[in-house]
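Visitor: I would like to learn how to read a protein model, one feature at a time. Where should we begin?

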Amino acid sequence: MKPLRLVRRGIARRRAGGGEHAPRFITTPAVLEQIQREVAYAAETGSHLRVAGRGHTRAPMCRCDDGLLQLSRFTGLEEVDAVHGIVWVRAGTRMAQLARELAGYGMMLPTLGWPGNESIGGAVSIGSYGLGTGDNRHACPVVGLRMIGADGALFSIGAQEARLPVARVSLGTLGVLTHVGLRCVPATHMRARVARGSLSAALKRVEATRAHDYVEWYWHAHGDDIRIRTIDRRPRRPPSQRGRPLDSGAARLRSAALRLADALPQVSRRLPRRLIPERARVPKDVDAAYSWQLFADSSLGSLGYALPVSELGDVLESLGGVMRALDPRDRVLLRVRYICADDGALSPAYGQETAVVHLTAAEGAREHAEAAGEIFDRAGARPLWSMPVEHHAADLAARFPLWEDFATLRADLDPRGLFLNDYLAGLFGVSEP
Ligand SMILES: Cc1cc2nc3c(=O)[nH]c(=O)nc-3n(C[C@H](O)[C@H](O)[C@H](O)COP(=O)(O)OP(=O)(O)OC[C@H]3O[C@@H](n4cnc5c(N)ncnc54)[C@H](O)[C@@H]3O)c2cc1C
């Protein structure tokens, strides 16, 4: 039987990240059997199929001329084991919805740093499963995956399987991720604090970051001043005192005051300073259900890199020197965050405590962005998969020690390349997607 399709090319143009593309068909299945039918149909007709969560990724990951499968209707918690703190969630669920549903069971994710708009399937597939080094002893909360493979059959990868770390960050090339098993912790209240600090101190005292659940700082690539934000879990307060969403009247007033204060410093600083997301400038207390409101969405950062924390100081010193030589004004803004090492084959933090750097250049500062990109590249930084990557397979293999393990698993599970597009075929060095 031919599967039901919703052909909505305009929506694909807008939503499925990575620029303009017009898939022949777009499907938004709401039940598992329908996803299976779509995959089987693509296999039978020799088509390619890309999967999208929210389609926010800037790299052309979701681009496909044949079929696009969007999981925006396949959402919600499916199983909750409150005793062991394990849940299974449908892959299309947005992080904001997940945080609210988990809070209803008195739970939250152990890692912080998830923005609200992305889907859990997209975030896991791209390797952004939360950040922080403090309390996050295990970098990744994923304990299992359920997928539909290239033959349309359902399969699971469990917590004890050696395949799990290889398959976790899949860029959507192993199959359709339908459910993610997640380890959770008891829900707490969270407190975000903002302070001014110095770059030299932040680089020297990395161990201080491990005392917090989450640390990020912003630097204008000039001088020594940084703005540091820390987020820590706190015991829950009684319901009457709990944090409300950031868009409450009081929060709006406070934000307006902060905006005014930020407009006052010297003119040369105005442009990059405006780029610091408002939520990073506002100290805030929230409950677990609103945790995502503390983290910036993908509007920040046109370039993103992951590099060992131990190399961050040298790279930033050289970056600062080049930026000052190019321009007396500060034209780029960097956000630095920390993740503990993990075991995901294609994870940006594989095997090393990692600094994740997002860089935003002011309008017209293309030369600055290019120079910064070269510095990170020469330092052997790993790419963040959400940004377009120009490296070839051999180069990526040098940056990701388990690259070949992943490539072998991909070729085993999807020998015809049903889940590839041109961009991904290029990354994996596969000639015909
Ligand atoms: C370390 C790191 C830190 C990041 N920090 C931030 C941040 O602070 N703020 C921010 O907004 N973004 C951040 N990003 C980027 C962000 O994580 C992604 O853009 C986001 O996860 C995309 O979510 P999405 O639902 O839009 O996924 P999509 O763009 O829809 O998909 C992303 C990828 O996952 C695949 N995929 C999606 N769903 C499935 C599925 N069900 N089955 C199989 N494959 C699937 C897609 O094919 C695609 O390859 C970060 C990324 C990394 C790696």
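Guide: Begin with the names. A helix here is a DSSP run of H or I with at least four residues, a strand is a run of E with at least two, and both are numbered from the N terminus. Keep in mind that this model is predicted.

Visitor: How many helices and strands does the chain have?

Guide: The chain has 14 helices and 18 strands.

Visitor: What percentage of the residues of the chain count as buried?

Guide: Burial is read from relative accessible area, and a residue is called buried when that value is under 20%. In this chain of 433 residues, 57% count as buried. The chain exposes about 18,100 Å², and 52% of that area comes from carbon and sulfur atoms. Contacts add another view: among those with a separation of 6 or more, 72% join residues 24 or more positions apart.

Visitor: How do I read a single helix? Which residues of H2 are buried?

Guide: The general idea comes before the case. An α-helix has 3.6 residues a turn, so residues three or four places apart point the same way. Helix H2 covers residues 32–44, which is 13 residues, and spans 18 Å from its first C-alpha to its last, close to the 18 Å expected at 1.5 Å a residue. Its buried residues are Leu 32, Gln 34, Ile 35, Glu 38, Val 39, Tyr 41 and Ala 42. The cover over them includes strands S1 (25–27), S2 (49–52), S3 (67–70), S7 (142–148), S8 (154–157) and S9 (176–183).

Visitor: And what do the buried residues of H11 pack against?

Guide: Helix H11 runs over residues 366–378. It has 13 residues and reaches 18 Å end to end by C-alpha, close to the 18 Å expected. Buried in H11 are His 368, Ala 369, Ala 371, Ala 372, Gly 373, Ile 375 and Phe 376. These pack against strand S15, helix H10 (309–326), strand S16 (332–339) and strand S17 (354–361).

Visitor: Arg 378 is in H11 too. Is Arg 378 buried or exposed?

Guide: The cut-off for exposed is over 50% relative accessible area. Arg 378 has 66%, so it is exposed. Arg 378 also shows how sequence distance and spatial distance are read separately: Val 315 is 63 residues from Arg 378 in sequence, and their C-alpha atoms are 9.5 Å apart in space.

Visitor: What should I look for in the backbone angles?

Guide: Look at the sign of phi. Most residues other than glycine have a negative phi, and most peptide bonds are trans. Two glycines with positive phi come after the helices we have read: Gly 46 follows H2 with phi near 70°, and Gly 380, just after H11, has phi of about 80°.

Visitor: Where is Leu 171, the residue with a positive phi that is not a glycine?

Guide: Leu 171 sits in the loop between helix H5 (163–167) and strand S9, and its phi is about 55°. Leu 171 counts as buried because its relative accessible area is 4%. Ala 221 is another such case, with a positive phi near 60°. Ala 221 belongs to the loop between strand S12 (214–219) and strand S13 (225–234). With a relative accessible area of 0%, Ala 221 is buried.

Visitor: Now the empty space. Which residues are closest to the centre of the largest pocket?

Guide: The largest pocket holds about 530 Å³ of space. It is lined by 20 residues, and the closest to its centre are Leu 303, Tyr 305, Pro 388, Val 389 and Glu 390. Strand S15 (303–308) and helix H11 each give at least two lining residues, and H11 gives the largest share, five. The lining has ten nonpolar, four polar and six charged residues.

Visitor: How many cavities of 30 Å³ or more are there?

Guide: There are three. The second largest cavity has about 150 Å³ of space. Its lining comprises 15 residues, with Ala 99, Leu 109, Thr 111, Trp 114 and Ser 291 closest to the centre. Helix H3 (95–104) and strand S6 (107–108) each give two or more of them, and H3 has the largest share, three. By class, that lining has twelve nonpolar, three polar and no charged residues.

Note on methods. Residues numbered from 1 in each chain as written. Predicted model: local features only at pLDDT ≥ 70, side-chain atom pairs only at ≥ 80, totals over all residues. Heavy atoms only, no water. 1 Å grid on protein atoms, 1.4 Å probe; cavity = no way out; pocket = protein on both sides within 12 Å on 5 of 7 lines; lining within 4 Å. Points joined across faces, edges and corners; volume = space filled by probe spheres on them. Nonpolar A, V, L, I, M, F, W, Y, C, P; charged D, E, K, R; others polar. Buried < 20%, exposed > 50% of the residue type's maximum accessible area, 1.4 Å probe, protein only. Contact = heavy atoms within 4.5 Å. Areas by Shrake-Rupley, 256 points an atom, 1.4 Å probe, with all protein chains shown as cover. Expected span 1.5 Å × (residues − 1).
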